[in-house]
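Work through the exercises below with the model open beside you. Try each task before reading its solution.

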Amino acid sequence: MKKLYIAEKPSVAKEFAKALGIKGGGSNGYIEEGDNIVTWCVGHLVNMSYPEAYDEKYKRWSMDTIPFIPEKYKYDVIPAASKQFKIVSGLLNRDDVETIYVCTDSGREGEYIYRLVDMQAGVSDKKDKRRVWIDSQTEEEILRGIREAKPLSAYDNLSTAAYLRAKEDYLMGINFSRALTLKYSYPVKQYLGLDKCVIAVGRVMTCVLGMIVTREREIRSFVPTPFFRVLAKVGDENASFEAEWRSEKGTKYFESPLLYKENGFKKREDAEKLIEELSQPLPIEMICEKVEKKTEKKNPPMLYNLAELQNDCSRIYKISPAETLEIVQELYEKKLVTYPRTDARVLSTAVSKEIGKNIGGLRAYAPLGAYADLIMNRGGYKNIAKSKYVNDKQITDHYAIIPTGQGFSALGSLSGVKQGVYDLIVRRFLSIFFPPAEYEKYSLKLDRNGEKFFASAKVLSKPGYLVIADRNYGQKKDDAEDKKQGEKPEEKGEEAGDSEDGKKDGETGAVSNSKEFIELFKSLKKGSVLPCSGFSIREGETTPPKRYSSGTLILAMENAGQFIEDEDLRAQIKGSGIGTSATRDSIITKLVNNKYIALNKKTQIVTPTFLGEIINDVVLYSINGLLRADLTASWEKGLDMVASGTITEQEYSDKMCDYVRKYTDFVKSITNQNNMRYIFDKTAPYYSKKK
């Protein structure tokens, strides 16, 4: 009897055939040799039927035919894929095929792709069906996956979650889009001068649109607030530095209503008054109240998951999340990296035991081979299982994206950007086997008439992992400068008042002329007296939040909890973002294609369109839950709970259908549409200015 292996794509099928020692071109849609047959899907072969497949009446959009919630769902073979479906279906049902190895991508979507084919082809449950679950496409991993394949039934909960996700998106998309289009499309179409207008909404897409619109309106309504900081020039003509005034408990201005923050006044005249108070008696001197030098360590960042990689590629290479996923998928299929669609940023215990193979293989990667060799010779990787970079509890389907240490022959054929993405992954991976970077931080607290001034500087003393994680290390004019390479950028931009002159909260008193400051610092001790040549005022103003880039938007989707004020709810949905690692890039693409948002290809900055803002407000006044990150993330959390067996399919389905019925009926009941004029008038001025 024969064994049938079914992959998700032709390229993956070829890797399985190669690993199994099967030769042949597969011109017939499959490769067969001896007892083994390898075939493939071409992505999805089957999808959910359109409403008119249930009844012709559903073809026409009408309030009378919604909510539309089938008791039993129908599915169709995708016309463009019908030829391959017939081939795959025939192979699955061949009498001489006894065992079926499901080799589609190891995740919810890959599971769904096969299950639809199995269902539509009517494959007998008497056949031995096994699930191959792998993390890379190396020959070793493929053979391990086949050898350790579990019964397909072990993944039934994952399959159920996949079906429910598709049904949920189907029901919300059809019912809510039809209801809102029938209710509101005419005034929108008339106002914008469009030939047609379909108000397309979705469980994830609309929530992401809401995030972008909210951010744009925060920027639009932002009013800069000036503030005034008091600086002292400390030292003499030979060596001097600036120290910054800050109020603290026990001082005159502590928690004063005159202050914007603890280091700035709201009005210049109040800053000037402080300077008058500090300028007498003469001479002006500062007493060292605290002289502190300490070592700070900075650990290597966590490994890449897809969202982090998409963010860095957006920032460094100015490519979209969809382009990043396409590149890393190609790297995966060329055996260069492990499975890309992962949310985890750690390794599994099992993988950590074999990680020496990955590092050893990277000795052949010319740009970083010497570092890999150093790691192997030191043997520090042997204790990685005891570090924070290994945690089985933080892994659901797959561990972090790491290099396999194989496939280098394919590197030469890749473009510069693709090689750059691979290099990022390798650097992030190897850096965890290096020690932390160490900084020497010098801090002074000075006293003048009971008021406090602060100055500090930080110098890189031991580069540690930065020699490999920072691609520009050694090329800087000043290696002491901390570029924060590898750290996650701010996800929400600079909130009002958080930034001025490049400083962040907690860095008050940081000096620019650090070399002079450090030299002077070395001669100081508590009680030392320093001359002060005078005071000055530096004016700043608060800055608005930053617009999302495609990368920071992906991170914001992953970390949906940041938008939720309720701590209990935030904890409840921890680990469940908006969408999944496999779908977030496609959500952004869909919003762009619908002309709801604009994506600047050069900068990757995302902004809403006028139409996008109107759609946002239409939803706000009808089904506003679609705009709420907490609700959207809770749906995703529910799907995870179905996949883990925590809740039943029926529980989730009932909740989902009740929600669709309730809000479809609510939209149908709306009679007052006067708010459309308010929506138009509120937003139109900003877009008329652009024209």
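The exercises cover cysteines, a sheet, the helices on it, and helix packing in a predicted model.

**Exercise 1. Cysteines**

Task: Find how many disulfides the structure holds, and explain the state of Cys532.

Solution:
- Step 1. Recall the chemistry. A disulfide is a covalent bond between the sulfur atoms of two cysteines.
- Step 2. Search the whole structure. Zero disulfides turn up.
- Step 3. Check Cys532. The closest cysteine sulfur belongs to Cys288 and lies 12 Å away, too far for a bond. The cut-off is 2.5 Å.
- Step 4. Check burial. Cys532 is buried, with a relative accessible area of 9%. Cys197 is buried too, with a relative accessible area of 9%. Under 20% counts as buried.

**Exercise 2. The sheet**

Task: Give the strand order of the open sheet and identify which strands stand at the edges.

Solution:
- Step 1. Recall the pairing. Strands of a sheet pair through backbone hydrogen bonds, either parallel or antiparallel.
- Step 2. Trace the order. Six strands run S2-S3-S1-S6-S7-S8, with mixed pairing.
- Step 3. Look at the ends. S2 (30-33) and S8 (150-151) each have a single partner strand, so one side of each lacks a neighbour in the sheet.
- Step 4. Inspect one pair. S7 (residues 128-131) and S8 are antiparallel, over two bridges. Arg131 has Lys150 of S8 as its bridge partner.

**Exercise 3. Helices on the sheet**

Task: State which strands H2 touches, and which H3 touches.

Solution:
- Step 1. Take H2 (residues 82-92). H2 packs on the sheet and touches S1 (2-7), S2, S3 (36-40) and S6 (97-103). The direction of H2 makes about 150° with that of S3.
- Step 2. Take H3 (residues 108-121). H3 also packs on the sheet, touching S1, S6 and S7. The direction of H3 makes about 165° with that of S7.

**Exercise 4. Two packed helices**

Task: Describe how H9 and H13 pack, and which residues make the contact.

Solution:
- Step 1. Get the geometry. H9 (residues 321-333) and H13 (residues 416-431) pack at about 75°, with axes 10 Å apart.
- Step 2. Classify it. H9 and H13 are therefore roughly perpendicular to each other.
- Step 3. List the contact. H9 supplies Ile327, Val328, Glu330 and Leu331; H13 supplies Val417, Lys418, Val421, Tyr422 and Ile425.
- Step 4. Sort by type. The contact of H9 with H13 has seven nonpolar, no polar and two charged residues.

**Exercise 5. A covered helix**

Task: Decide whether H19 is mostly covered or mostly open.

Solution:
- Step 1. Count. In H19 (residues 610-620), 10 of the 11 residues are buried.
- Step 2. Conclude. H19 is mostly covered. Among the buried residues are Phe610, Glu613, Asp617 and Val619.

Definitions and conventions. Residues numbered from 1 in each chain as written. Predicted model: local features only at pLDDT ≥ 70, side-chain atom pairs only at ≥ 80, totals over all residues. Heavy atoms only, no water. Buried < 20%, exposed > 50% of the residue type's maximum accessible area, 1.4 Å probe, protein only. Pairing = 2+ DSSP bridges. Helix = DSSP H or I, 4+ residues; strand = E, 2+ residues; numbered from the N terminus. Contact = heavy atoms within 4.5 Å. Axes fitted to C-alpha atoms, helices over the stretch in contact; angles between N-to-C directions. Parallel < 35°, antiparallel > 145°, perpendicular 65-115°, else oblique. Nonpolar A, V, L, I, M, F, W, Y, C, P; charged D, E, K, R; others polar.
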